[in-house]
Amino acid sequence: MHIAFIDNVCKPDTPGQGGHSDIIWAMAQQFVNSNVSVTIIGPYRSEIYPFYHSLLHVSTYKPLRNADQNGITRIISVLSALLVVKKYINSFDLIHVTDAFAAGVASSLIRKKPVVFTTSGSILQRQSSSAKLNFISAAFYYFVSYLAAQFTTAIIATSHEMKLWWIRTGSNPTKVSVIPLGSDVSPTIHNMKHSLPFKILFVGRLAPENNPEHLIRIWQMLQSKLESYELTIVGDGPLMQKLVEMFSRIQKKEAVHFLGTLPHDTLQTEYSKHHVLVITREAGAPPRVGIEALAKGMPIVAFLGNGLEDYTSSGTDLFVENHSLEELIEKISVLSSNPQLYNDMHADLIKACHRLNSWETVCSRIGHEVYESMTTCK
């Protein structure tokens, strides 16, 4: 088998880092280690890759300036990738993509080979939330998502919630499989034992889709629940200045720390310094930071609807319904006041991650449940 991955949403100077590029390279590494040939097609300016292997091939095309800024440039970027695909089309058994633009354009233009799409989200879900895209941006996403739903050979939804949204987008339910995103289980395990002050971590872009404004309410409501606590905010974005100003006017403001955007390695250290990760996003695909934290055994608290409940067997202990901040606060309070519960959950999360969503497990499922069914029916 020979798989072609299209990585049109990467950072050209850092292949395999950020966005969906790290997902593609993580899957590629598992497949080449299983003696499967892989070609990654991306707009790379650097030849410094996350790994090298005799079965890995990289084909590049010229990156567009500001390629992620609007729908037109995204489509042009996919078309550039497809020119490379068509050049080697006879050597590929299937094409695997990880964003709606690549899925919609590739599946509608390439009928000779199967196109597999690992979902990155759903425009219908996004537009039903409080963080809607503007009309023009949404129109592009609706267009490519409809094409993806209609023409991709198989869709891999990263949660049961996401499967329902892609069926609503127009996908045939029989071609949608639920397989979680993988996570690297090899880095240092989160070993933060229960202690005071209870340290809360937020990681994410400070933008409306992640609802970071909830952090203010969370902080204020915790005052009646916890005696000693701290909050660290990692990330940047359009709401950064507003949050800094709001936190400057509250009590215990010296216990709130803004660290900005951190390199991946530094972020791993922050996980190990905190007790719990709080996720304020109300809807969307499973947040990568949540998956990564769970893989390390770090408890999280989050709203139902992100799909993270599919990544742990401790769903009733971690997630709340109806976007209730009161219940979210209660979850944090219970974890902070019950050392035995906290430490037991830490051990359970590590076991669940190895069983459910190590990259080795995830790619094995993709190979058996998706790839084999397509290649045997050609």
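**Val84, a buried residue of helix H2.** At a relative accessibility of 11%, Val84 counts as buried, because the residue falls under the 20% limit for that class (exposed is over 50%, partly exposed in between, with a 1.4 Å probe and protein chains only). Helix H2, residues 71-87, is where you will find Val84; helices are DSSP runs of H or I with at least four residues, strands are E runs with at least two, and both are numbered from the N terminus. You are looking at a predicted model, in which local features need pLDDT of at least 70 and side-chain atom pairs count only at pLDDT 80 or more, while totals for chains, interfaces and linings use all residues. Residues are numbered from 1 along each chain as its sequence is written, and side-chain values use heavy atoms, with hydrogens and water left out. Beyond its neighbours within four places in sequence, Val84 is in contact with Ile41, Ser59, Thr60 and Tyr61, where contact means heavy atoms within 4.5 Å. Ala149 is 65 residues from Val84 in sequence, and their C-alpha atoms are 24 Å apart.

**The six-stranded open sheet, with parallel pairing.** Reading across this sheet, the strand order is E10-E9-E8-E11-E12-E13. Strand E10 (256-260) and strand E13 (319-320) form the edges; each has a single partner strand, so one side of each has no neighbour in the sheet. Two strands pair if DSSP finds at least two bridges between them.

**Strands E8 and E9, side by side.** These two strands, residues 198-203 and 229-234, run parallel and are joined by six bridges. Phe198 stands opposite Tyr229 in E9, and Phe202 has Ile233 as its bridge partner there. How much of E8 is covered? Five of its six residues are buried, so to speak of E8 as mostly covered is fair.

**Strands E11 and E12, another parallel pair.** Strand E11, residues 276-278, pairs with E12 over two bridges. One match to look for is Val278, whose bridge partner in E12 is Val301. In a regular strand the side chains alternate between the two faces of the sheet. In E12, Ile300 and Ala302 point one way, while Val301 and Phe303 point the other way, and all are buried.

**Met298, in the loop ahead of strand E12.** The loop that holds Met298 lies between helix H10 (288-295) and strand E12 (300-303). Is Met298 buried or exposed? Its relative accessibility is 0%, so Met298 counts as buried. From Met298 to Tyr311 there are 13 residues in sequence and 13 Å in space, C-alpha to C-alpha.

**Asn211 and His323, two loop residues with positive phi.** Asn211 is not a glycine, yet its phi is positive at about 50°. Asn211 sits in the loop between E8 and helix H7 (214-222), and with 5% relative accessibility Asn211 counts as buried. His323 also has a positive phi, near 55°, and is a residue other than glycine. The loop between E13 and helix H12 (325-337) holds His323, which is partly exposed with a relative accessible area of 35%.

**Ser195, in the loop ahead of strand E8.** Look for Ser195 between strand E7 (176-178) and E8. Ser195 counts as partly exposed, at 30% relative accessibility. Asp344 lies 149 residues away along the chain, and the C-alpha atoms of Ser195 and Asp344 are separated by 14 Å.

**The whole chain, as a backdrop for the close-ups.** The secondary structure comes to 14 helices and 13 strands. Of the 378 residues, 55% count as buried. The radius of gyration is 21 Å, which agrees with the value near 21 Å for a compact globule of 378 residues; the radius is taken over C-alpha atoms, and the globule rule is 2.2 Å times the number of residues to the power 0.38. Along the principal axes, the C-alpha atoms fill a box of roughly 65 × 40 × 40 Å. Among contacts with a separation of 6 or more, 66% come from residues 24 or more positions apart. The chain exposes about 16600 Å², with 52% supplied by carbon and sulfur atoms; accessible areas come from the Shrake-Rupley method with a 1.4 Å probe, and for residues only the protein chains shown count as cover.
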